Number of protein chains: 2
Amino acid sequence: MNANEATAAERRFYEAFSRLDLGLMRGLWAEDPGAYCIHPGGPLIQGRERVVQSWSEIFSSASPPTIEYRVVSTRQAEDLAVHLVEESIRPSGPRSGEPSRVLATNVYVMREGDWRMLVHHASLPLVGGAKERPRPSLH
Amino acid sequence: MNANEATAAERRFYEAFSRLDLGLMRGLWAEDPGAYCIHPGGPLIQGRERVVQSWSEIFSSASPPTIEYRVVSTRQAEDLAVHLVEESIRPSGPRSGEPSRVLATNVYVMREGDWRMLVHHASLPLVGGAKERPRPSLH
């Protein structure tokens, strides 16, 4: 029950994503009503089944991408781990273009000796700075 | 050291935001190199000083907004708490329009008996579903 184990779950998560492996993706999510996923620019998706369904939709029309990721920081207490990750997602094929750079907050919980994903909150930095926050005075 | 205390820190966070109170905002962030903030559509901002600076920029041109928030789920282990929050941010003034609806993953750590904010990862749902995830095959 150490940080390396949550790191292993994270590796499996990106492996599942890059292989479009829905079985692997399903297996690493916590069976927990509090599990949630927010894809970049997407709505809140709660509960493992809905989360897995969302990945199924994503995988269904995709070719396996090349994913690189960097764990920027981690924090752990007991059976809860929070990771900040920078993802670089490059589609396969000759017209792949620039990779998408995504920021993700990944949260893991320990379940029966294994780390499972509880949260994947991802967002795409669209703008350069904090000034683009929805500004109370400008709406 | 219970969930209610992290909830109190959260209340102060939204109080600081709605009052544009930079002192209150500064005080509730953890002095921790792992602290980070991602404003909706924004880049990664790491470290308390930079995070506070980003709020300073946001506050500098804003009128106090009306903020409502709903804590959707919480998870806590020892000195670490993860909250999922739906925010509704309505600007002040007659031309306020519809509120912005933001999804936030807020993480708190216990420091010297007080809960401090470690993470505020916020995103604006721009689209209706998971299909809008940057799709490996379509980039």
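Tutor: Two strands pair if DSSP finds at least two bridges between them; strands here are DSSP E runs of at least two residues, numbered from the N terminus. The model is predicted, with pLDDT of at least 70 needed for local features, 80 or more for side-chain atom pairs, and all residues used for totals of chains, interfaces and linings. Residues count from 1 along each chain as written, chains are lettered from A and ligands numbered from 1 in written order, and side-chain values use heavy atoms, without hydrogens and water.

Student: In strand 6 of chain B, which residue is the bridge partner of Ile38(B)?

Tutor: Strand 1 (residues 36-38) of chain B runs parallel to strand 6 (residues 114-123) of chain B, and three bridges join them. Within strand 6 of chain B, Ile38(B) has as its bridge partner His121(B).

Student: Which strands of chain B stand at the edges of the sheet?

Tutor: The sheet of chain B is open and mixed, its six strands following the order 2-1-6-5-4-3. Each edge strand has a single partner strand, so one side of each lacks a neighbour in the sheet; these are strand 2 (45-46) and strand 3 (66-77).

Student: Which residue of strand 5 of chain A stands opposite Leu84(A)?

Tutor: Strand 4 (residues 80-90) of chain A is largely enclosed by the rest of the structure, because nine of its eleven residues are buried (under 20% relative accessible area, 1.4 Å probe, protein chains only). Eleven bridges join strand 4 of chain A to the antiparallel strand 3 (residues 66-77) of chain A, where Ser73(A) is the bridge partner of Leu84(A). Ten bridges pair strand 4 of chain A, also antiparallel, with strand 5 (residues 100-111) of chain A. In strand 5 of chain A, the residue opposite Leu84(A) is Thr105(A).

Technical notes: Buried < 20%, exposed > 50% of the residue type's maximum accessible area, 1.4 Å probe, protein only. Helix = DSSP H or I, 4+ residues; strand = E, 2+ residues; numbered from the N terminus.
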